[in-house]
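Trainee: Please take me closely through the salt bridges in this one, pair by pair.

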Amino acid sequence: MSNIFKRKKIQDTFERRVRANDREYNEKFQYANNCIMTSKYNIVTFLPVNLFEQFQEVANTYFLFLLILQLIPQISSLSWFTTIVPLVLVLSITAVKDATDDYFRHKSDNQVNNRQSQVLIGGILQKEKWLNVRVGDIIKLENNQFVAADLLLLSSSEPHGLCYIETAELDGETNMKVRQSLSVTSDLGDPNNLAQFDGEVVCEPPNNKLDRFCGTLYWKDCKYPLSNQNMLLRGCVLRNTESCYGLVIFAGPDTKLMQNSGRTKFKRTSIDRLMNTLVLWIFGFLVCMGVILAIGNAVWEKEVGALFQSFLPWDPPVDNFLFSAFLSFWSYVIILNTVVPISLYVSVEVIRLGHSYFINWDRRMFCSRSNTAAEARTTTLNEELGQVEYIFSDKTGTLTQNIMTFNKCSINGHAYGDVIDILGTQQKRVQPLDFSAWNPLADRGFCFYDQSLLEAVMVGEPAVHEFFRVLSLCHTVMSEEKSEGELVYKAQSPDEGALVTAARNFGFVFHSRTPGTVTTQELGKAVTYTLLAILDFNNIRKRMSVIVRNPEGRIRLYCKGADTVLFERLHPCSHEVMNITSDHLNEYASDGLRTLAVAYRDLSEEQWEEWSEHFRGADKATDCRDDRLAAAYEVIEQDMMLLGATAIEDKLQEGVPETIAILSLANIKVWVLTGDKQETAVNIGYSCKMLRDDMTEIFIVNGHTVQSVREELRKARERMLESSRTRDGGKEVEAQGLGGACAFGNGCGGGGAANRMPDESKCPPPQAPPPSLLESISGEFALIISGHSLAHALEADMEREFLETACACRAVICCRVTPLQKALVVELVKRHKKAVTLAIGDGANDVSMIKTAHIGVGISGQEGIQAVLSSDYSFSQFRFLQRLLLVHGRWSYLRMCRFLCYFFYKNFAFTMVHFWFGFFCGFSAQTVYDQYFITLYNIVYTSLPVLAMGIFDQDVPEQRSLEYPKLYEPGQLNLLFNKREFFICIAQGIYTSVVLFFIPYGVLSYATQSNGVPLADYQTFAVTTATALVIVVSVQIALDTGYWTAINHFFIWGSLGLYFTILFAMHSSILFSIFPKQFHFLGSAHNTLGQPVVWLTIALATVICIAPVLAFRFLKLDLKPQLSDTVRYTQLVLQKKRKPGGRVGRGVGGSGVASGSALGRLGRGGSRRSGYAFAHQEGFGELITSGKNMRLSSQALANFASRHSSSWIDTLRRKKHANSPGMQNTPPTGDDSAASSQAPPLSTSSSVNSRQDTAAGEAGQQCNEAVLTHSPDDIALSMLRCADRETGGCSTGTVQEAPFVWKGSGARICGASSPGPPPIAEETSSGD
Amino acid sequence: MGKKQAGTGPLSRRPDNSAFKQQRLPAWSPSLTAQTVLPTFYILSLVCLFLGIWLLITVENTYELKVDYTNAGTCERCFEMRKHAIHTRTTCTCSVNFYVPKTFSGDVFFYYGLRNFHQNLRRYMDSRDDTQMVGRKNNLKAPSSYCAPFDYDANGVPIAPCGAVANSMFNDSFTVRYYPTKGPEVQVPLYRKGIAWYTDKNVKFRNPPTNNTFTLQQAFEGTIRPLYWQRPVYELDDTDHNNNGFINDDLIVWMREAAFPNFKKLYGVLNRAQGPFTQGLPAGNYSVSIFYNFPVEPFRGQKELVISMVTWFGGQNYFLPIAYLVTSGLILVAAIVLTVVYVKVGKKGKNMEE
């Protein structure tokens, strides 16, 4: 067996060979099959494996060891059952819990494994479950199906073997992607041919790289290279493709999805770890006590015991006092073991389970739309929810709903979309417009509220018509008419889909397209435009255009794109519109909408001819084609007429901004980690109020090289120090700042030391400065870092720098990150900050992060379940997070801490009595209590009240925790249970034990009953002490319980009642007559508790134990009240006064979306963040013009397509490579501007603040004035252009490094400095 | 929760709106306020003071007298004799004189006290067989292994009662004489029965079944008396044959092990039926003559005769009243400190309204 495994291992480490339709051959390699298994046990292995796991727990092994000790008669100071009863109880409860957990895992595994897929077996398609799919099988996928395994795409129903997939589950990107089969296999087509297919794939072993695949297909003596472009990965969903066939390459655990999901680590809470440490300490303490008592025993046996030999000779094996002491040590280990009560662990589990149920039951975390309740999938992490300091959130599907809606627009200087009544307040309930009445093709799902736009269309305002015409023509959407009048758009990005749908509803219906034409229905009339060119989108251009010839023969260029880009290219005569539109755009942007500007340009036939010549030249170029094309596009996209702007809402999930606001008030830092683009991420950052216009500064780290990333990070830190210095003013702060800078320089030595040398030389010698000055920085900063920079920032020598910088910022957004990077970021924070992290996400791309973080939260109710499956908690709305943390988490933490404090207290109080008694009983390990009392104390007499407290306790009502988020802080600072608190509990426990022993000792040793019988007998003493103990700990729990529900009452009184009941039952003559030896305490309860002196003793002991506690608590409350105490007190006062609630924090929960956005608008224009926020991928234009993705039977078109067939994918590939910094050495195409020489420092700086960088801004100013500037984006862009000119237009690397600035004040200054129409002509003239 | 069944409506999986599940159970949330804590302290202090004074007065009127006879008076000789095991079987009597300064009114109890005798050692306490002493026939001749080495004698005959506890039974006996100022000496009459717990006497300790023809001696046939005993268990009391065997009061009293090494056990109660003792034990001269059997020299122990009177509260016991008084004082101090702190320093009434 092991041999086979080894062979397989070896085979798989180098390469993987898969032969299609040949199971026998493939079985030789023992590849994993497609069955995934996240469960741990099956019925047979459950008992041994579970027991083995449980005994790995130190505590359980320890109790087993104790049990064995107790079986040795010489040292057995307690009966064996005192240990075995709790042990069995604990083991079985844990086992039951594990079994149910695993059962649910089995269920979900089964659900996934039993999904149906169609497998080609023996030439026939057979339904098979996923788990039966083998490597080498050919399976058929249909539209909207999940891909079952990693497949090599063989053929598809679509032309040219294309198929579309959505990879949201995998990497979080929501735009559709195209995959294409090899042309040799795509011809196979139908199942019969495919059954004959016997190609062999040799490829790389399983790995977790989602974007890479290399392999070779050997078929019919030919070799065909394979790339990621040919692969369909598990977790993807097939879209817009009727069906396709694929060859299974990796299955089950070998798939990239599973490889990416990381190891399932057993998560422990910090309380758990602390508890384990404490338990170890207690073991140490136990051993110490054992040693002390053993020494005592040695001395006693030597001095006294030896003389007592005639009455009590030593047991046979004992022949001297040393040996006796040795045995005594073990005996005491047995009886003192209750300081580490076995029920501790099981009680903790029970409490957590209870808290989990409360989470499951919470109606306020139930989403009625998706009919999903919150679910605590892991029951062991609850109290950690009360200690979270960092939240790592995914964007798509978590913060946003991933629904784009066309929300507002500005056409020709007129804004539509706001429904505002006379008072200027937004009306809440307005009926959406009904389009279907006049437009049969309207999409019913589309909602728009502003009647005036519809009227404008009806009236026939030319600008409005033209506006929608652009939307219906300028895109790369594909349409499909399923039946008459039922159009389905296949949009490659949701933004585009939203725009085209909007146009459709307003009567400009995009109907169909061919490579050369676009057919629309304009207000019911079919119009066919000749598509002359698509000037495709890319990241740098941030715009796309089409050139069409309308039926009348007029040629027009329609363009939509980022306003920053577009506004530079407008004709001077649309300046007026531009100014108004710009205002509108500012409004939209401050509402967090994604904006696009829309423009057109009339082209004359000559212009077109001339340009198309130019374009063809560029297109045919072999070297630097992209750049030449870009240059060609640049030429024609000039002098455009602005039509207006659109505003698309990337719908946030409900309540996201409020949640983030509350969380940040609770001192929780939220980091957004998204696979999406920077612009999109930043936009969302603004709309969910993570980024705000009034932030001091926002840093963007976008470098591609180690050096540049380091430089950017360093600059960011310098800026932070600088701004906090200037802000605070004063020399003292300055000195501190310098010291801090120094400290920082020293702190993160490593590779970056050289960079900071000047810094250090400048500083005075550091005098033990605070470890992280950046922590204390005032001012609000934000950091935005992209995936490729993150790759460098996460390297060992820079990670500390990165972390320090990032942690000093209020908000951190990481965009374009891979799933693995998400995990690495989480890991980084986890490792260095010693803080509790929480990761929340919805897709398979978040799985690794969810698993890495201390707490993983999955958003449920969406399509994918991968994230939920690997999460610890799941619910369907991001906003439930505040409830999960601030209410459930906080309570859990509080309860757990109170529970632990009390638990250690009660056990020390209980156990230490034995220690004191040891000094009176010759250290003979005689117990003070009856053995039944010892057995039952922890599991019956005192367990339920403390459990009730641990489950139900509340210090302040739930609404208060949301009102005062600061209440969350004790958890983060770990204040309620730490080593200090532990020692206080222990001290209190020991004090109690002293009182409990010496008071009865003092009284009883001389006392007699009223009938003269002495009370000093052992049994009376045992009963008195035990009763006093039970009463004292009950009073103590009553003091600790802050929230007395009926259940608490029942348990506390019930436990006391139960104690007396059991006591009298155990001491009854009935039990004695059956088992005289076991129940020899016959009559003690009756005889003892009937004596007033005993009760007086108990009362005295209780008072002495409790009074100091009461006094200290009162003092603490009086002198150093916690926030929760104050809130509680306020509550009390208010209850008495019957007045409405506190004022502070009132507004926090209340501010709704509406008021929030209204405020935003009233406040200030805000900065514009309009980027071309398409989740867009370039290359689609080419795809359309090549006709590859069109279902056209026309031979001519097919020919046309085949001519280009190999080029477009190559183009795509080349473009990808172009992103890497190696490709920068193409000749510049732009000309030199006067300012360019001063631009580079700006363009590489991580942030530009025009207020402070005035000197350096001179260059920018010139550029700015060359173009129209209304927002800092423009500055950045113009600088970018300046930089462009110097370094060369086609150097994508540098261009992407160039920053954007989101500084509101900057925008103001710029706006003010260039009033009136700027000299745009200058720009246009230099543009050529 | 998997069974959150069948309903398919949009809210079918909505959790119940019960107060329990929504954590909205009506509850009382007490909190420590000055209005509750300070009065509590003052009241506690007062209560303790009252109890302490009351108890102190009670205790002041309760007398106790201890006569240590270990090697006092003529017992010196017996003390020396008991040092050596060879004289175990020889009887030794001695007497000690003592003076009772005040009349012990009411019921007067006579105890024997032992010092430094550890009845609370684990192995000692375990060394007994309650099943044997409950008179079960089977267990009578098969003593528990816990009794070892006092379970069987050298010849393998089972010991009844077995174990170290029974073996070490206190076996001195006292005769107390009163020397009135006028008239002849009077022997102080004692009840030697009814000195054990009712449950012990009637439930815990039973003799093996006997009847008119089958005597106690026959019932104990096949067992042997404990090594240190002078008489077998069925002959412990020759004045009353119903007080023999396992139900012998002295045995029962001894078998109830003391919790601490210094203890006293009840020996007898003054019989107040006649003579000068109807009011109690009058003040005056007394002597006690002792059958000095129990050796204490080996473990450096001491023996004493304790004479005590009781009230509702038991015998003389100063610990409890003093403890109450001290506690009362401390609580009062604490209460004053708390009050001062509350008034001077504390953030009284601080709430969010400020």
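Mentor: Sure. A salt bridge here is a side-chain nitrogen of Lys or Arg within 4 Å of a carboxyl oxygen of Asp or Glu. This is a predicted model, where local features need pLDDT of at least 70, side-chain atom pairs count only at pLDDT 80 or more, and totals for chains, interfaces and linings use all residues, while side-chain values use heavy atoms, leaving out hydrogens and water. Residues are numbered from 1 along each chain as its sequence is written, and chains are lettered from A and ligands numbered from 1 in the order in which they are written.

Over all chains, the structure holds 64 salt bridges, so let's pick a few in chain A.

Start with A:Glu963 and A:Arg960, whose side chains meet in a salt bridge at 3.3 Å, N to O. Both sit in helix α33 of chain A, and because they are three residues apart there, about one helical turn separates them. (Helices are DSSP runs of H or I, at least four residues, and strands are runs of E, at least two, numbered from the N terminus.) As for cover, A:Glu963 and A:Arg960 are both buried; that means under 20% relative accessible area, with exposed over 50% and partly exposed in between (1.4 Å probe, protein chains only). Elsewhere you get a whole network: A:Glu15, A:Arg17, A:Arg19, A:Asp22 and A:Glu200 are joined into one by salt bridges that share partners.

Next, look at A:Asp953 and A:Arg898, which form a salt bridge at 2.4 Å, N to O. Here distant parts of the chain are linked: A:Asp953 is in the loop between α32 (943-952) and α33 (958-963) of chain A, and A:Arg898 is in helix α30 (residues 880-918), 55 residues apart. The two ends don't get the same label, either. A:Asp953 counts as buried because its relative accessible area is 0%. A:Arg898 has 27% relative accessibility, so it's partly exposed.

Finally, try A:Arg469 and A:Glu522, where the side chains meet at 2.9 Å, N to O, in another salt bridge. Again distant parts of the chain are tied: A:Arg469 belongs to helix α14 (residues 462-473) of chain A and A:Glu522 to strand β21 (residues 517-522), with their positions 53 residues apart. This time A:Arg469 and A:Glu522 are both buried.

Put side by side, then: A:Glu963 and A:Arg960 pair up within helix α33, A:Asp953 links a loop to helix α30, and A:Arg469 links helix α14 to strand β21.
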